[in-house]
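Here is a short tour of one protein structure, written for someone just starting out. Have a look at the sequence and the model first, then follow along below.

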Amino acid sequence: MPVHPSSDSFTFDAIVVGAGAAGLFCAGVAGQLGLKVLLVDHAEKVAEKIRISGGGRCNFTNRELDPRQPHRHFLGENPHFCRSALARYTPQDFIALVQRHGIAFHEKHKGQLFGDRSSEDFIRMLLAECGAGGVTHWQPCAVQSVRHGSAGYELQTTRGTVTAPSLVIATGGLSIPKIGATDFGYRVAQQFGLRLVPPRPALVPLTFDGDAWAPFAQLAGLALPVRIETGQKKERIAFDEDLLFTHRGLSGPAVLQVSSYWREGTPVRVDLAPGADLAHELLQAKARSRKLLANELAQWVPSRLADAWTAQEATWQRPVNEAGDKALQQLAQRLSAWELVPTGTEGYRKAEVTAGGVDTRVLSSQTLESTQQGLHFIGEVVDVTGWLGGYNFQWAWASAYACAHGLAARLGKGSP
């Protein structure tokens, strides 16, 4: 794609800042709708978040997404905001695009779709879509300033001055700074007086400090299926997924999911043996077994966990037939409803996404244009956060598509 000398000024129909999932797709769709589009990104490499996603295979969408009920899989101050965009560009629409490009994929579980080979297949696909739209792509190219005037938006960049009547911010959030995440999108929103929902790490491991965690630090690397929940009463949310012990706390899909809803100072509750009536099972074992309680317990939880757990109380360090009924019931209760208060999270360094962002109340759900005319925000920079499992990518595709059609409609080149 052409690179222009820095001494010139260039005019486009739209400038998209951020060459990640949302930015690439928006630029490609808008270009194919007939717009003259410039795509700009400060990073050396394109779409690093796509590259590292899904273990390098890209979990690109989820079949179980229901656009009519976005609150099931998305959170934010108004999770229903994303309904319009998700209904207009569905997982099936993106799957059709993937199939047109001949990319093989498979479903793992719970509707999660992954590429068979490499995330690079999806990056090449998006770049090809930009090529088909004649998109001008400057990368690496930093935006030094943004101004708005009678001619629209003027951006000073390291490759020159550019102007356009429409500006799309697709710069993502603060998660994983080592691949180029910055607060650029938030700063632009604030520059134009647009409200932000305070950003915070989401889909992130939880941490625990001090002596209370010492018995469990030795379990680092252990994984098991659990039921985990947080919140109270109507706000309670639960997930049935795998949990992973780490040296500093808990991770794995179960914890990443619940972390998006967890609030500082509040507990999470974990059932380490979901589906089992441990009190009943242990009392039954007492009547027929002389094994150590830890050995009996290992039928329902991993043996390392059984050993670590029973080591906490002297009454649990004996043969099951010598344990008191009350001790067995207490052990079962603790394992089935383990309540603990995280001291924090692993932060943006390990967070897969950023919750919060540009307030949806200042955006059109149809076009993602803000109350500042001609200024659009799409993807992760917006206060729309999906569950683990391809939902955030689908929001990127859907918000980009809605925005691109909004841009085209404004110029009389497409329908919103």
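## Buried, exposed and in between

Let's start with a term we'll need: a residue counts as buried under 20% relative accessible area, as exposed over 50%, and as partly exposed in between. Keep in mind that this is a predicted model.

Now try it on K110. Its relative accessible area is 37%, so K110 is partly exposed. You'll find K110 in the loop between strand 6 (105–107) and strand 7 (112–115). There's a little oddity here too: K110 isn't a glycine, yet it has a positive phi of about 50°.

## The cysteines

How many disulfides does a search of the whole structure find? The count is 0. For a disulfide, two cysteine sulfur atoms have to be within 2.5 Å. Take C26: the closest cysteine sulfur belongs to C403 and is 4.0 Å away, so that is too far for a bond. C26 is also buried, because its relative accessible area is 0%.

C58 is in no disulfide either, and the nearest cysteine sulfur, that of C130, is 15 Å away. With a relative accessible area of 1%, C58 counts as buried. You can spot C58 in the loop between helix 2 (48–52) and strand 4. Its backbone is worth a look as well: C58 has a positive phi of about 70°, although it is not a glycine.

## Two prolines in loops

P67 sits in the loop between strand 4 (59–62) and strand 5 (74–75). Is P67 buried or exposed? Its relative accessibility is 17%, so P67 counts as buried. Leaving out residues up to four places away in sequence, P67 touches R83, L86 and A87. And if you follow the chain on to Y89, you travel 22 residues from P67, but the two C-alpha atoms are 9.4 Å apart in space.

The other proline is P140, in the loop between strand 8 (136–138) and strand 9 (143–149). What is the peptide bond from Q139 to P140 like? That bond is cis, with omega near 0°.

## Two helices that cross

Next, find helix 4 (residues 91–100) and helix 5 (residues 120–132): their axes come within 10 Å and cross at roughly 90°. Angles of 65 to 115 degrees count as roughly perpendicular, so helix 4 is roughly perpendicular to helix 5.

Which residues make the contact? Helix 4 brings F94, L97 and V98, while helix 5 brings F122, M125 and E129. Sorted by class, the contact between helix 4 and helix 5 has 5 nonpolar residues, 1 charged residue and no polar ones.

## A sheet of seven strands

Finally, look for an open sheet of 7 strands, with antiparallel pairing and the order 19-18-15-16-17-14-20. At the edges are strand 19 (338–340) and strand 20 (344–345), each pairing on one side only.

Strand 14 (residues 206–207) pairs with strand 20 in the antiparallel sense, over 2 bridges. Zoom in there and you'll see T207 standing opposite G344 in strand 20. A helix joins the picture as well: helix 12 (residues 325–336) lies across strand 18 (268–271) and strand 19, and runs at about 120° to strand 18.

Methods
Residues are numbered from 1 along each chain as its sequence is written. This is a predicted model: local features need pLDDT of at least 70, side-chain atom pairs count only at pLDDT 80 or more; totals for chains, interfaces and linings use all residues. Side-chain values use heavy atoms; hydrogens and water are left out. Axes are lines fitted to C-alpha atoms, for helices over the stretch in contact, and angles run from 0 to 180 degrees between N-to-C directions. Helices (H or I, at least four residues) and strands (E, at least two) are DSSP runs, numbered from the N terminus. Angles under 35 degrees count as roughly parallel, over 145 as roughly antiparallel, 65 to 115 as roughly perpendicular and the rest as oblique. Contact means heavy atoms within 4.5 Å. Ala, Val, Leu, Ile, Met, Phe, Trp, Tyr, Cys and Pro count as nonpolar, Asp, Glu, Lys and Arg as charged, and the others, Gly among them, as polar. Buried means under 20% relative accessible area, exposed over 50%, partly exposed in between (1.4 Å probe, protein chains only). Two strands pair if DSSP finds at least two bridges between them.
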